[in-house]
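Work through these exercises with the structure open. Each task is followed by a stepwise solution.

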Amino acid sequence: MNDHALGVLEFDKVVKMLVDRTSFGPGAERARRITPIVDVPSIEEDLGKVSEARTTLDGGAALPPGDARDVRPALERAKVEGSSLSCEELLDVRKTLGAIADARGFFSKRSDECPRLWKLAGGLAPHEDVAEAIGRAIDEASIEVRDSASKELARIRRSIGKTRGRLDEKLRSILQRELRGDAVQELAVHIRNGRHVLPVKRAAQSSFQGIVHDQSASGATVFVEPLETVPLNNELADLVAGEHQEIARILRHLTAGVGACAEDIRLSVSILAQLDFVRAAALLSRDLDAVAPKLNREGRLDIREGRHPVLDEMVRAAGGEVVPLTLRLGSGATTLVISGPNAGGKTVTLKTVGLLTLMAQSGLHVPAAADTELSVFRDVFADIGDEQSIEQSLSTFSSHLKVVDEILEEARPDTLVLIDEMGAGTDPDEGASLAIAILEELTDASVPTIATTHLGSVKSHVHNHEGMENASMAFDPVTLEPTFRFVPGIPGSSHALAIAESLGLPDRVIARARELRDRDAVRVDDLLADLAERERRLEGELSEATLENEKAKLLAREYEQRLEGVRDERKKLKARALAEARETLDRAQSLVEQTVKELRAKEAARQTIKEAREKLRARRAEVARELEAMDRPAPTDDGEKPEELVPGMKVRVVGLGRIGELLDLPDGKGKVRVRVKNATVEVSGDDLRKAEKGQEVPEGRRARASYTMDVDEAPAVELHLRGMTTDEVEGAIEKFVSVALVQGITTVRIVHGKGTGALRRRTHEVLRDLSSVRSFRLGGWGEGDTGVTIVELK
């Protein structure tokens, strides 16, 4: 990726945003080395790592590396035999080893959610024995070697304490004595050159026996070591020297332990730097509300609600929002020319496209909406800003031409070209001609190109040239201010006079400028303004329509889920009923076998036994068929909807899979009534399909009444009449039989009890009068005997 494009697109500012979010030196160094790459699998791997870290962050977890330190210089010294690290350096190594262990444990627990990061963290070597040895020897609070670091050090420090106590006691005794003679300056013990001394007045120095080690700044006080304490001071000095030697030995020993695994630790620090970089990228993704873009190699851009990362962070910090950019390139035209007012966002649009491309190819999420798609380019070329060079004696125009010349030399279909203010800086006619020629060259070579211009002839040429497309940045004619909204397909006016007027230029100047304008140019600007206003209104209407459409889809999904839940419940109820029936038959089987034994014992007729067994087998087979039918897929809504609903027509009811007769037209809620067998079903008109050829409503004498039922009503397999009067029986049986027919049930049970036999007789009278009844009989052994009637339906 060429450095010029990285510079003019200000990629370094994105790098700084990343560096600011790292937590230790090696991570920051890794962030500074970031550069766009062109290998798609490698980019997707990097994006995947950031996505895993972002998901973990969004879940509330704090990502490693935690309290890691840059211990690389200390590791290099530790590898030298006989070297010694300081307590501070060894504690930094211990903290870093702790961070290494924590990072490995963190991603080990999340290996399923973060497979890429776990693969990276799996190479970390904690060396817990080294960390523990340092922790046992050095106190983190005081940053000193502990007494317990060795037995010898503990012994020496005990001796130092005792000797210092004896020395202090001796000095206090001398102070008390000399204080009476007015020889000492104050009642205090000082230390000079490691020796314990007393502050003696210079006037009394000759009368005080001892060794002078120092004097005060004024010279009025000398610091004297009394001769009486010289042996104790010597003893203390020897002990302190021994303490220093033992501490040095301990530090060398700990350093040797670090040096033995220094290369492992260095590699682990390198991995921590990678993890810190990914953590910083995830934090940047979260702060910018960014996403991992889709990638392609075809030069296709589909940016949805993209935002310039640096501008977005700055505006967010001020409590505002950036106007997002939705831009497409490459599906049709390969060249996009943007026009519009000054300071309207044209250059920011170029930089946004360029920066999002560079970020994606660097493995970073981009501040845009989901489903944003970017192409991976071999290189990005940009000519943006004032390239004037005094050193090279180049004007702004000449500098631009120099960059464009390099672009034309290097640009290919797998590169992206961004050119700002084409044709500017020279004679407008010649500049426009040159701009058109450059655009044609790039378009004919199929180079993805985005350019900006103010020149009307360039906009006109783009409109008539295949492979090129106009676009603009919107301008509010009421406020006379740019809206920073990107408008595809329509060129824009520069609105120079309107902006000049809003900035306060004299009215006479503005009026004269309008007089001097070409009339055709005025008409074109008026036309562009009208088109822009129409586009704005259409976009508003489209947004409203899209919102309503989404609401309708959500509502449809909600009702579909509810309907599915009702269907599932219906299936469960039917399964429960059939399971209970099978259990009843199993019990009946046992009862029959027992009865058969008794009948044989009583020498009952073989024919009677055979008939009983046949009935039981028939019922078991029927239950088996019902259970098998439950495993078959539910009726679908396949089929053609009727062009027009006409009462009396034959229709198929989705969900029931039954043919019925339409009784009426849809009501205000879209509901219709359909007669299926002897039941009336109320359903949505959308659930009706044309009755297939040859499917007819079964003929036959109907019941005296038709009954309304719910499509998802529980299976009708058994009716209990006990407690009813004989007058109530007829209606109950007719409704029960009708519902069973609609639900496709062929065998049902009616429980009327034995009692006086009145309910049984009335039941049989009603059943004989129903054409939908094939046959009926009293229950047999295990079926309820004469208290139950078994009914076979047609």
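Helices (H or I, at least four residues) and strands (E, at least two) are DSSP runs, numbered from the N terminus. This is a predicted model, in which local features need pLDDT of at least 70, side-chain atom pairs count only at pLDDT 80 or more, and totals for chains, interfaces and linings use all residues. Residues are numbered from 1 along each chain as its sequence is written, and side-chain values use heavy atoms, with hydrogens and water left out.

**Exercise 1. Place valine 509 and describe its surface patch.**

Step 1. Locate the residue: valine 509 sits in helix 18 (residues 507-516).

Step 2. Classify its exposure. Buried means under 20% relative accessible area, exposed over 50%, partly exposed in between (1.4 Å probe, protein chains only). Valine 509 has a relative accessible area of 40%, so it is partly exposed.

Step 3. Find its partners. Leu503, Leu505 and Val509 make a nonpolar surface patch of about 280 Å². Patches take residues with over 30% relative accessible area and no salt bridge; like charges are joined within 9 Å, nonpolar side chains (Val, Leu, Ile, Met, Phe, Trp, Tyr) within 5 Å. Areas follow the Shrake-Rupley method with a 1.4 Å probe; for residues, only the protein chains shown count as cover.

**Exercise 2. Characterise helix 4 and what covers it.**

Step 1. Check the span. Helix 4 (residues 40-58) has 19 residues and reaches 26 Å from first C-alpha to last, close to the 27 Å expected at 1.5 Å a residue. The expected span is 1.5 Å times one less than the number of residues.

Step 2. List buried positions. Among them are Val40, Ile43, Leu47, Lys49, Glu52 and Arg54.

Step 3. Identify the cover. It includes helix 6 (87-108), helix 7 (115-121), helix 11 (262-287), strand 7 (294-296) and helix 13 (346-361). Contact means heavy atoms within 4.5 Å.

Step 4. Look past the end. Glycine 60 follows helix 4 and has a positive phi, near 100°.

**Exercise 3. Which residue forms a salt bridge with glutamate 52?**

Step 1. Apply the criterion: a side-chain nitrogen of Lys or Arg within 4 Å of a carboxyl oxygen of Asp or Glu.

Step 2. Name the partner. It is arginine 116, with the closest N and O atoms 3.2 Å apart.

Step 3. Read the topology. Glutamate 52 lies in helix 4 and arginine 116 in helix 7, so the pair ties together parts 64 residues apart in sequence.

Step 4. Compare exposure. Glutamate 52 is buried at 7%, whereas arginine 116 is partly exposed at 32%.

**Exercise 4. Analyse the salt bridge of arginine 249 with glutamate 246.**

Step 1. Take the distance: the closest N and O atoms are 2.7 Å apart.

Step 2. Take the spacing. The two are three residues apart in helix 10, so about one helical turn separates them. An α-helix has 3.6 residues a turn, so residues three or four places apart point the same way.

Step 3. Assign exposure. Arginine 249 is partly exposed at 38%, and glutamate 246 is buried at 9%.

**Exercise 5. Describe the surroundings of threonine 763.**

Step 1. Locate it: threonine 763 is in helix 22 (residues 758-768).

Step 2. Classify it. Its relative accessibility is 0%, so threonine 763 is buried.

Step 3. Find the side-chain polar partner. A polar atom of the threonine 763 side chain lies 2.7 Å from the backbone oxygen of leucine 759.

Step 4. List contacts beyond four places in sequence. Threonine 763 touches Leu721, Val729, Ile733, Ile750 and His752.

Methods. A polar contact is a pair of N or O atoms within 3.5 Å; within protein, one must be able to donate a hydrogen and the other to accept it, and residues adjacent in sequence count only if both atoms are side-chain atoms.
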